[in-house]
Amino acid sequence: MRETVVQLEDGWFFFRHTGVDGRRPVLLFIHGLGESGLCFDEAFRSPELKDCGLVVPDMFGYGRSSYAFNGDYGMETQVRRLRRLVDLLGLESFYIVGHSLGGDLGVLMASSDNDRRIKGFVNIEGDLTPHDIFISDKAVSASERGDFAGWFERDFKEDLVLKGWGSRWASCRRYYASLRFCRPEAFLADAGEICERNQPLPGRKESLTGAAYAGLQIPKVFCWGSESLAKGTLEFLEAASLRHRRFEPAFHWPMIDRAEEFYGFLSHFINSIIEVSGL
């Protein structure tokens, strides 16, 4: 694994990676809200991915990347930064693996992929329905009552993540570590946009993001943990006949809680696309 920092127009982009070239498939991993690339640490140790190039950035405002010099943490802007990184690496084709917020960013990126460089998409518990925005909704509510800082540091990080979820799941204790490097303003900005993009569509189960995901015309699969996915989201996946894979037992981070199984599945998914398309 290598670590690199590149300067973009509005900040410094940190990413972990292996060598990337045109001779093997490249996977772009996108982390979730408050997270960092640490959530994909097992990918670098997975024997299943030894023949893939891995690119794991920390989004602006998260992990070891800088804050956004222009103060813009909007999802469209984050996607533009990812495209800039992909261009700097000279990637003519790649696959997206997006977790939580990273799944939402992956949907945006794939929906506007005019050059058709994205060859497949693994969405790990990204937002698809209004049932998925539990934490984002709490963040926005705390901000509206003028107590976001207190909610973020005490109620969310310490009580819910560390003492609550973390008492059972090692993945949540790692999430807590990433949260300590997260800029609260980035968290709040992205939480607000998650809420906006995942309001219910009239007369339908899914949100705007869920509808966009369903409409993607590339190979895709939705992965989820047995202890975290909302019932309403599972109902949408099944009603829309969208391919999905359950990991058990697992919480919101199946790529950590069931790492060996998840990365074995990911490898099989990528190879199945290559076998069919030759990409």
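Thr4 has Phe15 in β2 as its bridge partner. In this predicted model, a second such pair places Arg2 opposite His17 of β2. Both pairs belong to the antiparallel pairing of strand β1 (residues 2–8) with strand β2 (residues 11–17), which extends over seven bridges. The connection from β1 to β2 is a hairpin of two residues.

The wider setting of these strands is an open sheet. Eight strands take part, in the order β1-β2-β4-β3-β5-β6-β7-β8, and their pairing is mixed. At the edges stand β1 and β8 (244–247), each of which pairs on one side only. From one strand to the next, the twist averages 20°. As a general matter, strands of a sheet pair through backbone hydrogen bonds, in either a parallel or an antiparallel sense.

A helix also meets this sheet. Helix α1 (residues 75–88) lies across β1, β2, β3 (26–30), β4 (53–57) and β5 (94–99), and runs at about 115° to β1.

Strand β1 also contains Val5. This residue joins Trp12, Tyr67 and Phe69 in a nonpolar surface patch of about 390 Å². Val5 counts as partly exposed because its relative accessibility is 46%, a value between the limits of 20% and 50%.

Ser171 offers a contrasting case of accessibility. Ser171 is located in helix α5 (residues 170–179). With a relative accessibility of 0%, Ser171 therefore counts as buried, the cut-off being under 20%. Which residues does Ser171 touch, not counting those up to four places away in sequence? They are Trp253, Ile256 and Asp257.

Technical notes: Residues are numbered from 1 along each chain as its sequence is written. This is a predicted model: local features need pLDDT of at least 70, side-chain atom pairs count only at pLDDT 80 or more; totals for chains, interfaces and linings use all residues. Side-chain values use heavy atoms; hydrogens and water are left out. Two strands pair if DSSP finds at least two bridges between them. Helices (H or I, at least four residues) and strands (E, at least two) are DSSP runs, numbered from the N terminus. Buried means under 20% relative accessible area, exposed over 50%, partly exposed in between (1.4 Å probe, protein chains only). Contact means heavy atoms within 4.5 Å. Patches are made of residues with over 30% relative accessible area and no salt bridge: like charges are joined within 9 Å, nonpolar side chains (Val, Leu, Ile, Met, Phe, Trp, Tyr) within 5 Å. Accessible areas come from the Shrake-Rupley method with a 1.4 Å probe; for residues, only the protein chains shown count as cover. A salt bridge is a side-chain nitrogen of Lys or Arg within 4 Å of a carboxyl oxygen of Asp or Glu. Axes are lines fitted to C-alpha atoms, for helices over the stretch in contact, and angles run from 0 to 180 degrees between N-to-C directions.
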